[in-house]
Amino acid sequence: MKRRTLLKGAVGTAAALSLPRLAKAQSKKKISILTWNIPDLEALIKDWIAEFRTIRPDAEVEWLDKKGPELPTFYQTQLVAGTPPDIINTQGALWLEYAANGALLDMTPMLAKEPEVKARFNADYLSNWVYEGKSFMLPFYISKTLLFWNKTMFKAAGLAGPPQSFDDILGFAQKMAKGENTGFVTLNFDWLYWPLFAMNGVELMTPDFKAAAFNTPRAIEVLERLAKATDSGGINKVSWTGRWVENNGAFAAGNVGMHHAHAPAFFFVRGQGKWVNGDTLGVSHLPGGYATPNSHGLGISKGSKNPEVAWEFLKMITNEKWTLRLASERKVLTAHAKSDASVLESLKKDDPLAEAVLRTQLEHTDKLVGNWRVPIDSQIKEAFYPELQNCLLGRRSAKDALAEAERKVNRLLKRG
């Protein structure tokens with residue numbers, strides 16, 4: 001037999017042998033998961049995928065990760081191309097826009113069919129992802145705002161404990177504002193400052209979300225007092241100009257009395273502030289227990305070609321085993337009731353200060369504010385905050401700033 005014939009025969013035999021494997025690979029159902037800047041969780045995610053192969057050997061999972069500012073643009077691009085990731089991880093209220101525009105799958109029927117999945121989660125947090133009566137996301141990891149306070153500065157100012165009212169916040173802040181010291185700093189993105197208005201009875205919109213409701217004498221008074229405290233040094237100006245690093249860094253430096261932030265800020269502050277320990281850092285709620293959530297959720301794209309596989313994957317990674325591992329490795333809570341209880345119990349021995357911080361995330365969950373179910377949430381934020389900022393930084397009166405903000409917000413709400 002000639003060499004050419006032998007080669008041809010060998011190729012033909014190899015092709016025949018590989019065909020079943022090729023057909024098998026081609027028949028696999030592939031899904032992708034897009035996450036929000038968590039490259040540090042690579043080992044965990046690889047283990048998710050490995051376990052899922054044993055549950056669904058007919059499926060493949062691809063992991064994509066994008067930094068926060070890049071993720072929305074990437075997702076929009078994929079939506080336009082008709083190839084959205086099957087599962088998407090979002091932060092804050094970003095999901096609302098996707099849900100309202102039909103990009104996300106309504107998970108309500110799935111949760112109704114498998115009530116044990118719904119029962120895993122803290123009901124208040126789970127309801128955070130409900131829009132027009134439909135559930136669009138499962139909790140991934142959760143957070144809401146709380147108040148950190150510098151016990152050393154409190155003691156030096158003759159203050160015995162955390163503020164119990166808005167008047168206390170401003171009064172305490174002013175007492176600690178001396179020289180390089182300021183009394184209060186807050187995070188401001190994603191409505192995280194809103195509890196300061198909520199505790200004063202200020203509403204952003206009417207209950208039907210059809211008109212602005214914040215331009216009231218009470219809101220003008222609150223804004224005037226915040227601006228005055230900012231001008232006098234009671235409130236650190238970075239509250240209204242910084243975003244994350246600047247605000248947390250200011251408190252970590254040890255010369256700001258109080259910090260209004262969500263739980264992840266604690267780990268940043270502790271990492272930079274050598275003064276931070278159980279004897280020097282106080283942890284409590286804002287007066288009234290008001291807080292703004294800033295959680296991460298997991299949803300399924302409506303354009304997924306394999307939504308049933310995506311649902312199975314979501315169920316697996318939000319079960320007790322995997323949420324407990326995520327909570328333990330990252331020191332976060334996941335809204336999975338059993339996992340959160342376990343990790344808090346463990347932290348009570350190993351890291352009591354972190355336990356105290358995380359425990360606040362499960363308290364007063366009926367007092368969550370700043371999480372309106374409005375698809376144009378981001379546009380309202382962009383219209384409202386610059387006017388607020390104008391007043392807080394002394395560029396415009398409270399009356400004029402709120403009037404202009406009202407005009408802009410009403411224009412957006414009329415457009416719908």
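A pocket is an open set of grid points with protein on both sides within 12 Å along at least five of seven lines, and its lining residues have an atom within 4 Å of a point. The model described here is predicted.

## Pockets

In the largest pocket, α4, α14 (264-272) and α19 each contribute at least two residues to the lining. Helix α19 gives the largest share, five residues. The lining holds 44 residues, and those nearest the pocket's centre are Q91, F189, D190, R243 and N294. By class, this lining divides into 24 nonpolar, 11 polar and nine charged residues.

The second largest pocket has a volume of about 180 Å³. Its lining is made of 14 residues, with S32, T83, P84, P85 and D86 closest to its centre. Two elements, β1 (29-36) and α3 (71-81), give two or more residues each to this lining. Here the division is four nonpolar, seven polar and three charged.

## Cavity

How many cavities of 30 Å³ or more does a search of the whole structure find? The search finds one. The lining of the largest cavity consists of 17 residues, and G92, A93, P293, G370 and N371 lie nearest its centre. Helices α4 (94-100) and α19 (377-392) each supply at least two of the lining residues. Both helices also supply at least two residues each to the lining of the largest pocket. The cavity lining divides into six nonpolar, seven polar and four charged residues.

The volumes are listed below.

| Space | Volume |
|---|---|
| Largest pocket | about 1,200 Å³ |
| Second largest pocket | about 180 Å³ |
| Largest cavity | about 140 Å³ |

## A helix pair

Two packed helices are described by the angle between their axes and the distance between the axes. For helix α2 (residues 42-55) and helix α15 (residues 307-317), the axes come within 11 Å and cross at roughly 120°. Angles of 65 to 115 degrees count as roughly perpendicular and those over 145 as roughly antiparallel. The crossing angle of roughly 120° fits neither class, and α2 and α15 are therefore oblique to each other. The crossing of α2 past α15 is right-handed.

Which residues of α2 and α15 meet? On the α2 side they are W48, I49, E51, F52 and I55, and on the α15 side V309, E312, F313, M316 and I317. The residues of this contact comprise eight nonpolar, no polar and two charged.

Definitions and conventions. Residues are numbered from 1 along each chain as its sequence is written. This is a predicted model: local features need pLDDT of at least 70, side-chain atom pairs count only at pLDDT 80 or more; totals for chains, interfaces and linings use all residues. Side-chain values use heavy atoms; hydrogens and water are left out. Axes are lines fitted to C-alpha atoms, for helices over the stretch in contact, and angles run from 0 to 180 degrees between N-to-C directions. Helices (H or I, at least four residues) and strands (E, at least two) are DSSP runs, numbered from the N terminus. Angles under 35 degrees count as roughly parallel, over 145 as roughly antiparallel, 65 to 115 as roughly perpendicular and the rest as oblique. A crossing is left-handed if the near helix is turned anticlockwise from the far one by less than a right angle, and right-handed if clockwise. Contact means heavy atoms within 4.5 Å. Ala, Val, Leu, Ile, Met, Phe, Trp, Tyr, Cys and Pro count as nonpolar, Asp, Glu, Lys and Arg as charged, and the others, Gly among them, as polar. On a 1 Å grid over the protein atoms alone, a cavity is a set of points where a 1.4 Å probe fits but cannot get out, and a pocket is an open set with protein on both sides within 12 Å along at least five of seven lines; lining residues have an atom within 4 Å of a point. Grid points are joined across faces, edges and corners, and a volume is the space filled by probe spheres set on the points.
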